[in-house]
Amino acid sequence: MTRTTPKLTFEEYLKYDDGTDTRYELVNRELIPISLGSGQHGAVTDAIIVQIGS
């Protein structure tokens with residue numbers, strides 16, 4: 001069985017919550033899961049988040 005993703009407007013995308021921690025980008029009105037950073041990329045991302053959150 002093929003699962004189709006809903007076509008969303010930008011406003012719907014901003015309000016979208018699937019109840020998980022998965023982050024998405026909107027491409028041609030379709031949700032695309034964003035992979036988490038790993039290794040050095042993940043460490044840099046974490047450091048930036050800490051700095052912004054301070």
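## Getting to know this chain: worked exercises

Read from start to end, the chain runs in the pattern α-β-β-α. That comes from two helices and two strands. One thing to keep in mind: the model is predicted.

### Exercise 1: the hairpin

Work out how β1 and β2 are arranged relative to each other, and over how many bridges they pair.

*Solution.*
- Start with the strands: β1 covers residues 24–27 and β2 covers residues 30–33.
- Next, the pairing: β1 and β2 pair in the antiparallel sense, over four bridges.
- Pick out one bridge: Leu26 has Leu31 in β2 as its partner.
- Finally, look at the turn. Two residues sit between the strands of this hairpin, and Asn28 takes a positive phi near 50 degrees.

### Exercise 2: the aromatic pairs

Find the aromatic pairs and say which kind each one is.

*Solution.*
- Count first: the structure holds two aromatic pairs.
- Take Phe10 and Tyr13. Their ring centres are 6.1 Å apart and their planes make 35 degrees, so this pair is tilted.
- Where do Phe10 and Tyr13 sit? Both belong to helix α1 (residues 10–15), three residues apart, so about one helical turn separates them.
- Now Tyr16 and Tyr24. With ring centres 5.8 Å apart and planes at 85 degrees, the pair is edge-to-face, because anything over 60 degrees counts that way.
- Check how covered the tyrosines are. Tyr13 is partly exposed at 22% relative accessibility, and Tyr16 is partly exposed at 33%.
- Tyr24, at 18% relative accessibility, counts as buried because the cut-off for that is under 20%.

### Exercise 3: the salt bridge

Find which residue forms a salt bridge with Lys7, and where in the chain the two partners lie.

*Solution.*
- The structure holds one salt bridge.
- The partner of Lys7 is Glu30, and their closest N and O atoms are 2.7 Å apart.
- This pair links distant parts of the chain: Lys7 lies in the segment before α1 and Glu30 in strand β2, 23 residues apart.
- Are these residues tucked away? Lys7 has a relative accessible area of 47%, so Lys7 is partly exposed. Glu30 is partly exposed too, at 29%.

### Exercise 4: helix α2 and its surface

Decide whether the length of α2 agrees or disagrees with what its 15 residues should span, then look at how covered the helix is.

*Solution.*
- At 1.5 Å a residue, the 15 residues of α2 should span 21 Å.
- The end C-alpha atoms of α2 are 21 Å apart, so the two values agree.
- On to cover: one of the 15 residues in α2 is buried, so you can call the helix hardly covered.
- For an example, try Ile52, which lies in α2 (residues 39–53). At 68% relative accessibility, Ile52 is exposed.
- Ile52 also helps make a nonpolar surface patch of about 310 Å², along with Val44 and Ile48.
- Zoom out to the whole chain: 7% of its 54 residues count as buried.

### Exercise 5: a loop residue

Say where Arg23 is found, whether Arg23 is buried or exposed, and how many Å separate Arg23 from Ile34.

*Solution.*
- Arg23 is in the loop between α1 and β1.
- With a relative accessible area of 60%, Arg23 is exposed.
- Along the sequence, Arg23 and Ile34 are 11 residues apart. In space, their C-alpha atoms are 5.6 Å apart.

Conventions. Residues are numbered from 1 along each chain as its sequence is written. This is a predicted model: local features need pLDDT of at least 70, side-chain atom pairs count only at pLDDT 80 or more; totals for chains, interfaces and linings use all residues. Side-chain values use heavy atoms; hydrogens and water are left out. Rings of Phe, Tyr and Trp (its six-membered ring) pair if their centres lie within 6.5 Å; planes under 30 degrees apart count as stacked, over 60 as edge-to-face and the rest as tilted. Buried means under 20% relative accessible area, exposed over 50%, partly exposed in between (1.4 Å probe, protein chains only). Two strands pair if DSSP finds at least two bridges between them. Patches are made of residues with over 30% relative accessible area and no salt bridge: like charges are joined within 9 Å, nonpolar side chains (Val, Leu, Ile, Met, Phe, Trp, Tyr) within 5 Å. Accessible areas come from the Shrake-Rupley method with a 1.4 Å probe; for residues, only the protein chains shown count as cover. A salt bridge is a side-chain nitrogen of Lys or Arg within 4 Å of a carboxyl oxygen of Asp or Glu. The expected span of a helix is 1.5 Å times one less than its number of residues.
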